[in-house]
Each structure stands twice: as C-alpha cells, then as structure tokens.
Amino acid sequence: YEPGSHDALSYYTPESQERMMEAFDACARRGVPFDLELQLVTAKGREVWIRTLGEAEYDAHGQVTHVRGAIQDVSRFRAVADAARLTAERFTRTLEGLSDGFILLDREWCFVYANPEAARILRRDRDELKGRCLLTEFPETAAGKFLEKCQDAMERGISVEFEKYYPPLGIWVYMKVSPSDLGLTMCIRDDTERINARRTIMRLKAELDARKTELDALRS
C-alpha cells in the first residue's frame, strides 16, 4: 500500500495535520525545510509520535520540483522525555511548597534556583538572584564560618549542618549544606525566634537559680 499525500495526511491528528500542511506548503513553494514532531494514528489505531523532516529539490532553473523527506517513530523517546518532564515538575512543586528555604548553587557559587521561602528569608527577589554569585550578593558569606563549612562539605563530599548569626539581616539562620553534581544545595531556616526563646528560657533559669541560691543562703 502506497498512500498518496492526501491519504498520508489523514493519519495525522487535526492539529498535526494543520502544522504539516503549513510546513509542506512553505517547503514546496519557497524551499523552506522543516523538522517537526507530530502525532498520528496508525491504520491499526495506535497513537504514535513521529519526527518528520523535509527539504526541497530544485531543477536547473532553481524551481522546486519535489519535497524529499523522512519520518521516524519517536514515541518511546517522547514518552521518556514526558516522564522526565513530569518528574521535574513534581519535584519543582515540592521545592516551591517547602516550609524551609532551598537554594541550589553552581560550582561558581552562583544561584541556579531559590524557592519562595529562601527568597523570603534572604529578603531578595529570587529572579534577580538567579545567575548571581552568592559571595558577591551577600559579602559576609565570603569568609568565616559559613565559607569554611561550605568548603568542608564540597571537599569531603558530606552534608554539614550549622547555625550562624547574619548581622545584615539581623537573624539567626540554620543551614544544611550538601554537595551536588552542580555545586551545592542549601536548606535554610530562620531560627531567630527559636534561638531567642531558648536564650530567654536560659536567662530565666539562671535568674531562678540565682534567686534559689539567695533564698537558701537566707534560710541558713
């Protein structure tokens, strides 16, 4: 069975038919090559994705005489790509909804990704941070405990957890830094309230202990 162009087009889904006809017309009339991924339904009713390519052939006068092309079944590749895309989308939604901040840095310390909570903690627009260097945008991180811990994580290939007071923002930050294929991942949390509460409890306990000591002294 050798289908004609009209019969061949009938196998494509309506949207793919339209794209194919536009591409074929542009190639036949103006010699514009095409490379498309389209969907069709086989004679046995199986839905497949194909890659179709076409280019014009010309006569001695430079007129288009034929359109030569090829098709390839890319259904399996498309399925794998779609699965990977869905997994990435689910992962991104998870990161976007985290109650802790999440940051991904490349090996040059530049922001690749920051979720909304990280942007809130850092008080910066995450779109503006993308591609910029952490050590430049937050100069206080370029030395001291923060840098030492991050370098330790990268060099030893381990996760490192620590707390640090960040004066420019006036907050205590809990951080878990882990090496990744791209560079570093950082989970961050504003621990100011918890640490202040802990300090208040410790201060009150010290005052109570001191008061108890005074009372014991008076009784004796």
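Two exercises with worked solutions follow, on the sheet and on a helix of a predicted model.

The model is predicted, with local features taken at pLDDT of at least 70 and side-chain atom pairs counted only at pLDDT 80 or more, while totals for chains, interfaces and linings use all residues. Residues are numbered from 1 along each chain as its sequence is written, and side-chain values use heavy atoms, without hydrogens and water.

**Exercise 1.** Determine the strand order of the sheet and identify its edge strands.

*Solution.* Step 1: strands are DSSP runs (E, at least two residues), numbered from the N terminus, and two strands pair if DSSP finds at least two bridges between them. Step 2: the three strands form an open sheet in the order S1-S2-S3, with antiparallel pairing. Step 3: S1 (34-41) and S3 (64-73) each have a single partner strand, so one side of each lacks a neighbour in the sheet and both stand at the edges. Step 4: nine bridges join S2 (residues 47-58) to S3 in the antiparallel sense; Glu-57 has His-66 in S3 as its bridge partner.

**Exercise 2.** Establish how the buried residues of H2 are placed around its axis.

*Solution.* Step 1: helices are DSSP runs (H or I) of at least four residues. Step 2: with buried meaning under 20% relative accessible area and exposed over 50% (1.4 Å probe, protein chains only), the buried residues of H2 are Ser-16, Met-20, Ala-23, Ala-26 and Cys-27. Step 3: these cover an arc of only 130° around the axis (from directions to the C-beta atoms), which puts them on the same side of H2. Step 4: the face turned away from the buried side carries the exposed Pro-14, Glu-22, Arg-29 and Arg-30.
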